[in-house]
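Good morning, colleagues. Please turn to the sequence and the structure on the screen, which I shall refer to throughout this presentation.

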Protein chains: 4
Amino acid sequence: MTEHVMDPAAIDQFVADHFPAAHGFATTVSAEHGKVRIRLAEPGEMHLRPGNTVSGPTLMTLADTAAYYNILSLIGPVALTVTTSLHIDFFRKPELGKIEAESRMLKLGKRLAVTSVDLLADDVLVARASVTYSIPPPEKRGVR
Amino acid sequence: MTEHVMDPAAIDQFVADHFPAAHGFATTVSAEHGKVRIRLAEPGEMHLRPGNTVSGPTLMTLADTAAYYNILSLIGPVALTVTTSLHIDFFRKPELGKIEAESRMLKLGKRLAVTSVDLLADDVLVARASVTYSIPPPEKRGVR
Amino acid sequence: MTEHVMDPAAIDQFVADHFPAAHGFATTVSAEHGKVRIRLAEPGEMHLRPGNTVSGPTLMTLADTAAYYNILSLIGPVALTVTTSLHIDFFRKPELGKIEAESRMLKLGKRLAVTSVDLLADDVLVARASVTYSIPPPEKRGVR
Amino acid sequence: MTEHVMDPAAIDQFVADHFPAAHGFATTVSAEHGKVRIRLAEPGEMHLRPGNTVSGPTLMTLADTAAYYNILSLIGPVALTVTTSLHIDFFRKPELGKIEAESRMLKLGKRLAVTSVDLLADDVLVARASVTYSIPPPEKRGVR
């Protein structure tokens, strides 16, 4: 389960090629031992909410993205995986800084992948998510 | 619980004034009987994922926003409410069209508000979320 | 999706035959229009927590059971479906009385079923759950 | 946050005295470093589902119990804390054996406590839960 077939550069290139809306949002920091860590690429005002803390949607998007990249890195370039559910608990309101998400693969089945994602602001845990993806059968795994 | 103290125009104006990152993302369609319905303002490529369906983060953000607007409409302009948890299940992949979220207030306590949010694509249920917000004590309810 | 192939009596008989631990916990009240309603069979001290209100595990178990019975009623006697995730929000602490769960099928796919479950105490909504089940492929649907 | 004011024996005694329905269900194995581990006390047929694997409700109840014991051990004997939400993902179907839950405190605020709970069957991770409890204000913390 922990052999990564795509490295950070390959993940980012695949996303740039096939998922324009996500391109520029996050960059991959590492992919090893079943974990993928990504970072909010250009923290800015668009990611803030009143009180000048990072918004919930920014953290949720980062969690979903980290889970997706983790699956990509483990099963290869399968664009059509799709989130089936996401749960997130927020603990602390983070200020804008180094915002990262580290996804850990908990189950990688034939049809479902479940990941746990830690959201970190300057290395402090600020939220945790559980993200489940559905993996298409082999004949439907085209990149478009 | 179902008396709305802010109408759709007042909600949208408050958000434009105090939450620039959310401004332009969604507009409020209705706020009555404990329910608030909002609509994705300008559906575009940024909301798509591979396969040309609306992305999970777009729907999660819309769910979180609908819950926030619902609380606003019921307790008045309190900017500093904050999401404590969000759960979402995705049922169908929606194409880009009329994308709406309807939030229903299930519990409005002194400190916690729980809402159920239906995500609709051209009036078809495509996802459902449960969103919990923490409401600050009265002395901390400033808009900034 | 809303054609029920097992009625309340058939559901209860199937559970009595194949799921002894659940037998006696709940009885089926109705199964129609995609909804299944069940009732805590013998409310008693074992279902209470400090403060003499119905315990969270009792409500969670009822939610999971209602979802299972709903799937049974729609796809027939397939014992080996299995819960893949459950989310529940509690709104009010219910006293011991008529405790019911009404499950509504939101998605019934080939491999996943998603239901929303309302938990009711004397007809008042006290909690809401989302329960996802995995449905085995046809060749593995034996009752034992 | 990690100073435990009740040890395993004190937790089990408190539960025996104040929470008869939970008495006998689980015993506390350890309480240290912000983590509390408990064990299903008497695994038996009542905890099984078709296929002879441990039932979802047994695991959910164990998760909720581990979270409750963790809070108890950290804030002392406050019976009236109450679950506000629980989310659980199931990965593997465990056979009946040593069934344990280890709760880790992620946030212990004045009013909300959030824990992550690993469910283990013979030391293998079979499910993971996130459990949130509401903590009553000091004047309402009586044990009955």
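I shall discuss the sheet, then a helix that lies across it, and then two contacts between chains.

Please bear in mind throughout that what you see is a predicted model.

Let me begin with the sheet. Chains A and B contribute to an open sheet of 12 strands, and the pairing in it is antiparallel. Reading across from chain A, the order is β1(A)-β2(A)-β6(A)-β7(A)-β8(A)-β5(A), and it continues into chain B as β5(B)-β8(B)-β7(B)-β6(B)-β2(B)-β1(B). Which strands form the edges? They are β1 of chain A and β1 of chain B, residues 26-32 in each case, and each of them pairs on one side only. On average, with direction ignored, neighbouring strands of this sheet are turned by 20° against each other.

Within chain B, I would point to one pair of strands. Strand β6, residues 99-108, and strand β7, residues 112-121, run antiparallel and are joined by 9 bridges. As a point of orientation, B:Ala101 stands opposite B:Leu119 in β7(B).

Next, the helix. Helix α2 of chain B, residues 56-75, lies across strands of both chains. From chain A the strand concerned is β5 (82-90), while from chain B they are β1, β2, β5, β6, β7 and β8. The helix runs at about 45° to β6(B).

I now turn to the contact between chains C and D. Here 31 residues of chain C are in contact with 30 residues of chain D. Which elements of chain C give two or more residues to this side? They are β3 (48-49), α2 (56-75) and β5 (82-90). The largest share, 9 residues, comes from β5(C). By character, this side of chain C divides into 15 nonpolar, 10 polar and 6 charged residues.

Strand β5(C) also pairs with strand β5 of chain D, residues 82-90, in the antiparallel sense over 5 bridges. In that pairing, C:His87 stands opposite D:His87.

As to symmetry, a rotation of 180° with 0.0 Å of shift along its axis superposes chain C on chain D, with an RMSD of 0.0 Å. The C-alpha of chain C nearest the axis belongs to C:His87, 2.1 Å from it. The same surface serves both copies, since 97% of the contact residues of chain C recur in chain D.

Finally, the contact between chains B and C. It takes 10 residues from chain B and 10 residues from chain C. On the side of chain B, β5, β6, β7 and β8 each supply at least two residues. The largest share there, 3 residues, comes from β8(B). This side of chain B comprises 3 nonpolar, 4 polar and 3 charged residues.

Chain B is superposed on chain C by a rotation of 180° with 0.0 Å of shift along the axis, at an RMSD of 0.0 Å. The two copies are therefore related as by a two-fold rotation axis. In chain B, the C-alpha nearest that axis is the one of B:His87, 3.8 Å away from it. Why do the copies meet through the same surface? Because 100% of the interface residues of chain B are also interface residues in chain C.

That concludes my presentation; thank you for your attention.

Key:
Residues numbered from 1 in each chain as written. Chains lettered and ligands numbered in written order. Predicted model: local features only at pLDDT ≥ 70, side-chain atom pairs only at ≥ 80, totals over all residues. Pairing = 2+ DSSP bridges. Helix = DSSP H or I, 4+ residues; strand = E, 2+ residues; numbered from the N terminus. Axes fitted to C-alpha atoms, helices over the stretch in contact; angles between N-to-C directions. Contact = placed C-beta atoms within 7 Å. Nonpolar A, V, L, I, M, F, W, Y, C, P; charged D, E, K, R; others polar. Least-squares fit on C-alpha atoms with pLDDT ≥ 70 in both.
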